[in-house]
Amino acid sequence: MAQALTVGVEEEFLLVDYRTRRVAARAPLVLSANAGKLPGLHPEITQFQVETTTTVCHTMEEVSRQLSTSRAKLASAVRQHGLRLAAVGAPVLGRAVPPPLTDNPRYHQMAAEYGAVTDGLSICGCHVHVGIPDQEAGIKASNHLRPWLPILLALSANSPFWEGRDTGYASWRYLVWARWPSAGPPPVFESPDQYEHAVRALLQAGAAMDRGMAYWDVRLSHRHPTIELRVCDVAATSEEAVLIAALARAMVATALADDRPPLPMPQHVLRAATWRAARDGLDGYCVNPVTGHTLPAPVLLKQLIGRVRPALEEAGDLDLVLDSAAELVAKGCGAHRQRKAYARTGKLTDVVDLLTAQTAGAADLV
């Protein structure tokens with residue numbers, strides 16, 4: 001099953017001024033200068049951001065090659081405009097509120113409808129699409145995945161700083177994004193019809209303007225035959241993005257092959273578990289979906305890998321995941337490394353330097 005599932009990855013990045021390291025609203029320039037030159041490059045909701053997408057991939061080797069190549073090429077391209085590319089969940093330096101929105105009628109309508117909630121839109125995530133045979137399979141996968149979403153957030157946590165201060169969270173991006181009325185962990189759905197009813201309820205209440213604003217942490221894509229995981233910060237390195245993608249595909253494959261009911265986790269417990277993961281990252285504790293008790297995040301990550309091991313083996317991804325996870329635990333998640341860089345000198349510019357070097361694949365992460 002795992003070998004049969006396709007995967008695609010969307011990554012959002014911030015543009016920062018090369019000299020000051022502050023966020024720079026120059027995405028329109030970057031996009032126009034590279035139109036047709038960098039496949040998969042797209043605008044995002046603010047002018048601080050750009051997005052890249054892979055093609056539909058069948059192996060993690062394809063994902064890895066595309067992510068590392070697109071990051072390196074885009075980082076080189078933005079340097080031509082006095083900028084750096086930063087894979088980070090939230091702006092470290094510079095004023096990001098209110099954000100300069102991309103000139104798109106939909107985005108301006110969002111600002112009009114949701115007011116100051118849009119102040120937090122200068123944040124960057126990693127979205128993984130996994131191919132599914134039909135909506136029924138997607139609902140089954142969503143129900144099985146939802147209790148494990150917090151550990152995916154913890155391993156990807158990469159946004160401890162916001163506008164020049166430490167927020168006290170490993171993933172401030174997640175807390176900012178959670179302000180949206182349609183965001184957060186998804187409910188348990190009994191059928192595709194119930195899923196559609198929930199989406200229509202969001203639309204009727206005005207909590208979403210369209211189907212694209214059903215912002216659950218895992219959802220059925222409204223544009224592709226995929227299930228989309230949206231809980232993660234943008235990964236600090238392309239290698240970590242590949243780890244997230246490999247785990248996501250294995251989790252979906254495991255869910256589709258599992259005839260047992262999904263692990264029961266009430267919505268209020270899942271929200272609390274996700275909050276804890278956003279606060280602690282890999283340095284702290286996560287709620288074990290099996291027992292309901294907290295345990296060290298690296299231990300839960302190991303348990304998740306054990307749970308999806310057959311799917312990883314079938315896809316040929318087991319060694320990649322074991323090696324990448326061990327390296328991540330040893331060196332710390334993105335948030336840990338940002339704080340470590342800041343502790344060395346007390347300069348947030350050094351944090352941005354680390355981020356931009358990691359993004360381009362040129363940083364020594366030891």
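Let me start with the residue classes I will use for linings: Ala, Val, Leu, Ile, Met, Phe, Trp, Tyr, Cys and Pro count as nonpolar, Asp, Glu, Lys and Arg as charged, and the others, with Gly among them, as polar. Please keep in mind throughout that what we are looking at is a predicted model.

With those classes in hand, I will begin with the second largest pocket, which holds about 260 Å³ of space. Of the 14 residues that line this pocket, those closest to its centre are Leu38, Pro39, Gly40, Gln66 and Ser70. Two elements, β3 and α2, the latter spanning residues 60-79, each give two or more residues to that lining, and α2 gives the most, with 5 residues. Sorted by class, the lining of the second largest pocket comes to 4 nonpolar, 8 polar and 2 charged residues.

The largest pocket, for its part, encloses about 990 Å³ of space. It is lined by 41 residues, and the ones closest to its centre are Glu10, Glu44, Glu51, His127 and Arg223. The elements that each supply at least two residues of this lining are the strands β1 (7-17), β2 (41-43), β3 (49-53), β5 (125-131) and β9 (226-233), together with the helices α3 (105-114) and α6 (172-177). Which of these elements gives the most to the lining of the largest pocket? The answer is β1, with 5 residues. By class, the lining of the largest pocket divides into 13 nonpolar, 18 polar and 10 charged residues.

Since β1 has come up, let me follow that strand through its pairings. Strand β1 is mostly covered, with 10 of its 11 residues buried. With β5 it pairs in the antiparallel sense over 5 bridges, and within that pairing Val7 has Val130 of β5 as its bridge partner. With β3 the pairing is again antiparallel, over 5 bridges, and here Phe13 is matched with Val50 of β3. Finally, β1 and β4 run antiparallel and are joined by 4 bridges; Val16 has Arg84 as its bridge partner in β4, while Asp17 stands opposite Leu83 of that strand.

Strand β4 itself, residues 83-86, deserves a second look, and it helps to recall that in a regular strand the side chains alternate between the two faces of the sheet. In β4, Leu83 and Leu85 lie on one side and Arg84 and Ala86 on the other, and all of them are buried, so that both faces of the strand are covered.

Turning now to the nonpolar interior, the largest nonpolar core has 92 residues, and those with the most contacts inside it are Val63, Ile151, Leu152, Leu155, Trp180, Leu247 and Val252. Helix α8, residues 238-257, gives the most to this core, with 14 residues. Apart from the largest core lies another one, of 34 residues, which includes Phe13, Leu14, Cys124 and Leu354. To give one example of packing, and leaving aside residues up to four places away in sequence, Val252 touches Leu5, Val130, Ile132, Ala141, Leu145 and Ile227.

Helix α5, residues 149-156, raises a question of its own: why can it be called largely enclosed by the rest of the structure? The reason is that 8 of its 8 residues are buried, which, on the criterion applied here, means under 20% relative accessible area. Those buried residues are Leu149, Pro150, Ile151, Leu152, Leu153, Ala154, Leu155 and Ser156. Of these, Ile151, Leu152 and Leu155 are among the residues with the most contacts inside the largest core.

I will finish with the closed spaces, where a search of the whole structure finds 4 cavities of 30 Å³ or more. The largest cavity contains about 100 Å³ of space, and its lining is made up of His144, Leu145, Trp148, Met251, Thr254, Ala255, Asp258, Leu263, Leu304, Arg307 and Val308. The elements giving two or more residues to that lining are α4 (135-145), α8 and α10 (297-307), with the largest share, 3 residues, coming from α8. By class, the lining of the largest cavity divides into 7 nonpolar, 2 polar and 2 charged residues. Helix α8 therefore appears twice in this account, because it gives the most to the largest nonpolar core and also the largest share of the lining of the largest cavity.

Methods
Residues numbered from 1 in each chain as written. Predicted model: local features only at pLDDT ≥ 70, side-chain atom pairs only at ≥ 80, totals over all residues. Heavy atoms only, no water. 1 Å grid on protein atoms, 1.4 Å probe; cavity = no way out; pocket = protein on both sides within 12 Å on 5 of 7 lines; lining within 4 Å. Points joined across faces, edges and corners; volume = space filled by probe spheres on them. Core = buried A, V, L, I, M, F, W, Y, C linked by side-chain atoms within 4.5 Å. Buried < 20%, exposed > 50% of the residue type's maximum accessible area, 1.4 Å probe, protein only. Contact = heavy atoms within 4.5 Å. Pairing = 2+ DSSP bridges.
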